[in-house]
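Me: I would like to go through the strands and salt bridges of this model. Short answers, please, with the reasoning shown.

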Amino acid sequence: QVQLVESGGGLVQAGGSLRLSCAASGFTFSLFAMSWYRQAPGKERELVAGISSGGRTDYADSVKGRFAISRDNAKATVYLQMNSLKPEDTAVYYCSRTLILGTSPLDAWGQGTLVTVSS
């Protein structure tokens, strides 16, 4: 079955960096778009970044210029490099797969990985 396992979260000071990873299995990774979402305490889940099967990327305005999404099809893994982190980036981060960039996730959410940015 489809599995998406997020990792790489942690506690970091404002201005710092983290790289999140999402290891995928159970489907042909290269055929799907992949996205990162986040959910902060008391807020709705929001789309952070996405990458198409062909490598086209898209970002939420709040993270443009600071975050970079990438994928390694050989490793079936999608990454989120997060630089210049701000306290408002604190959230649980989830990855998802979609048929096309910008469309709804196909699967239930995984456990996510917690990112905490201290001021």
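Me: Strand β4 and strand β9 pair over how many bridges?
Reply: This is a predicted model. Strand β4 covers residues 33–39 and strand β9 covers residues 91–98. Ala33 has Thr98 in β9 as its bridge partner. The two strands run in the antiparallel sense, and the count is 7 bridges.

Me: Which strands are the edge strands of the open sheet of 6 strands?
Reply: The order in this sheet is β2-β10-β9-β4-β5-β6, with mixed pairing. Each edge strand pairs on one side only. They are β2 (10–13) and β6 (57–59).

Me: By what angle are neighbouring strands of this sheet turned against each other on average?
Reply: The sheet in question is the open one with the order β2-β10-β9-β4-β5-β6. With direction ignored, the average is 25°.

Me: Why is one side of β1 and of β7 left without a neighbour in the sheet?
Reply: These strands belong to an open antiparallel sheet of 4 strands, ordered β1-β3-β8-β7. β1 (3–7) and β7 (67–72) stand at its edges, so one side of each has no neighbour there. The reason is that each has a single partner strand.

Me: Which residue in β8 stands opposite Ile69?
Reply: β7 and strand β8 (residues 77–82) run antiparallel and are joined by 6 bridges. Opposite Ile69 in β8 stands Leu80.

Me: How many residues apart in sequence are the parts that Arg66 and Asp89 tie together?
Reply: The two form a salt bridge, with the closest N and O atoms 2.7 Å apart. Arg66 lies in the loop between β6 and β7, and Asp89 in the loop between β8 and β9. The pair therefore ties together parts separated in sequence by 23 residues.

Me: Is Asp89 buried or exposed?
Reply: Buried means under 20% relative accessible area. Asp89 has 1%. Its salt-bridge partner Arg66 has 11% and counts as buried. Asp89, at 1%, is therefore buried.

Me: Is Asp61 buried or exposed?
Reply: Asp61 meets Lys64 in a salt bridge, 3.2 Å from N to O. Lys64 is partly exposed at 47% relative accessible area. The cut-off for exposed is over 50%. Asp61 has 66%, so Asp61 is exposed.

Me: Where does Arg97 lie?
Reply: The side chain of Arg97 meets that of Asp107 in a salt bridge, 2.6 Å from N to O. Asp107 lies in the loop between β9 and β10 (113–118). Arg97 lies in strand β9.

Methods
Residues numbered from 1 in each chain as written. Predicted model: local features only at pLDDT ≥ 70, side-chain atom pairs only at ≥ 80, totals over all residues. Heavy atoms only, no water. Pairing = 2+ DSSP bridges. Axes fitted to C-alpha atoms, helices over the stretch in contact; angles between N-to-C directions. Salt bridge = Lys/Arg side-chain N within 4 Å of Asp/Glu carboxyl O. Buried < 20%, exposed > 50% of the residue type's maximum accessible area, 1.4 Å probe, protein only.
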